[in-house]
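Here's a friendly walk through a small part of structural biology. Have a look at the sequence and the model first, then read on.

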Amino acid sequence: MPRFKRSPLFLAAGVHLALVVSFGCTPPESQEKAAPAETVTKIPITTSSDEARALFLEGRQLVERLRAAEARELFQRAIELDEN
């Protein structure tokens with residue numbers, strides 16, 4: 001079985017990766033914590049069109065699934081139905 005030599009570059013890359021993972025994943029102490037769920041308020045969807053509401057909600061679900069291009073089409077259609 002061949003044996004691989006460990007080069008200084010390989011070792012430096014490993015140390016760099018370990019530092020990025022350990023320090024990059026922890027938030028700084030000065031960062032504010034998110035508000036508790038019970039204090040978060042929802043923004044109402046104000047439309048008189050049930051179809052526009054349905055298109056908006058479907059578009060929002062697509063955005064949450066990282067399908068923004070498809071969601072944009074639904075948002076545009078919802079705006080066309082109710083521009084307020």
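Leu66 is exposed, with a relative accessible area of 78% (exposed means over 50% relative accessible area, buried under 20%, and partly exposed in between, using a 1.4 Å probe and protein chains only). You'll find Leu66 in the loop between H2 and H3. Its phi is near 60°, a positive value in a residue other than glycine, and this comes just after H2.

A word on the ground rules: this is a predicted model, where local features need pLDDT of at least 70 and side-chain atom pairs count only at pLDDT 80 or more, while totals for chains, interfaces and linings use all residues. Residues are numbered from 1 along each chain as its sequence is written, and side-chain values use heavy atoms, with hydrogens and water left out.

Now for the whole chain. It has three helices and zero strands, so to speak an α-α-α pattern when read along the sequence. Helices here are DSSP runs of H or I with at least four residues, strands are runs of E with at least two, and both are numbered from the N terminus. Of the 84 residues, 11% are buried. Looking at contacts (heavy atoms within 4.5 Å) with a separation of 6 or more, 35% join residues 24 or more positions apart.

Here are two of the helices side by side. The expected span of a helix is 1.5 Å times one less than its number of residues.

| Helix | Number of residues | End-to-end C-alpha distance | Expected span |
|---|---|---|---|
| H2 | 15 residues | 21 Å | 21 Å |
| H3 | 14 residues | 20 Å | 20 Å |

Which residues of H2 are buried? They are Ala52, Leu55, Gly59 and Leu62. They cover an arc of only 85° around the axis, which puts them on the same side of H2 (the arc is that of the directions from the helix axis to the C-beta atoms). On the other side of H2, Asp50 and Glu64 are exposed. There's a simple rule behind this kind of spacing: an α-helix has 3.6 residues a turn, so residues three or four places apart point the same way.

H3 (residues 68-81) has its own buried set, made of Ala71, Leu74 and Ala78. Seen down the axis, these fall within an arc of 60°, so they line one face of H3. Ala69, Arg72, Glu73 and Glu80 sit exposed on the other side of H3.

And how do the two helices meet? The buried residues of H3 pack against H2 (50-64), and H3 is part of what covers the buried residues of H2. Leu55, in H2, gives a close-up: it counts as buried at 8% relative accessibility. Setting aside neighbours within four places in sequence, Leu55 touches Leu74, Arg77, Ala78 and Leu81. Leu55 and Gln76 are 21 residues apart in sequence, yet 9.1 Å apart in space, C-alpha to C-alpha.

Last stop, the largest pocket, with about 160 Å³ of space. Among the residues that line it are Ile45, Ala52, Phe56, Phe75, Ala78 and Asn84. H2 and H3 are the elements that give two or more residues to this lining. The lining divides into six nonpolar, three polar and three charged residues. A pocket, on a 1 Å grid over the protein atoms alone, is an open set of points where a 1.4 Å probe fits, with protein on both sides within 12 Å along at least five of seven lines, and lining residues have an atom within 4 Å of a point. The volume is the space filled by probe spheres set on the points, which are joined across faces, edges and corners. Ala, Val, Leu, Ile, Met, Phe, Trp, Tyr, Cys and Pro count as nonpolar, Asp, Glu, Lys and Arg as charged, and the others, Gly among them, as polar.
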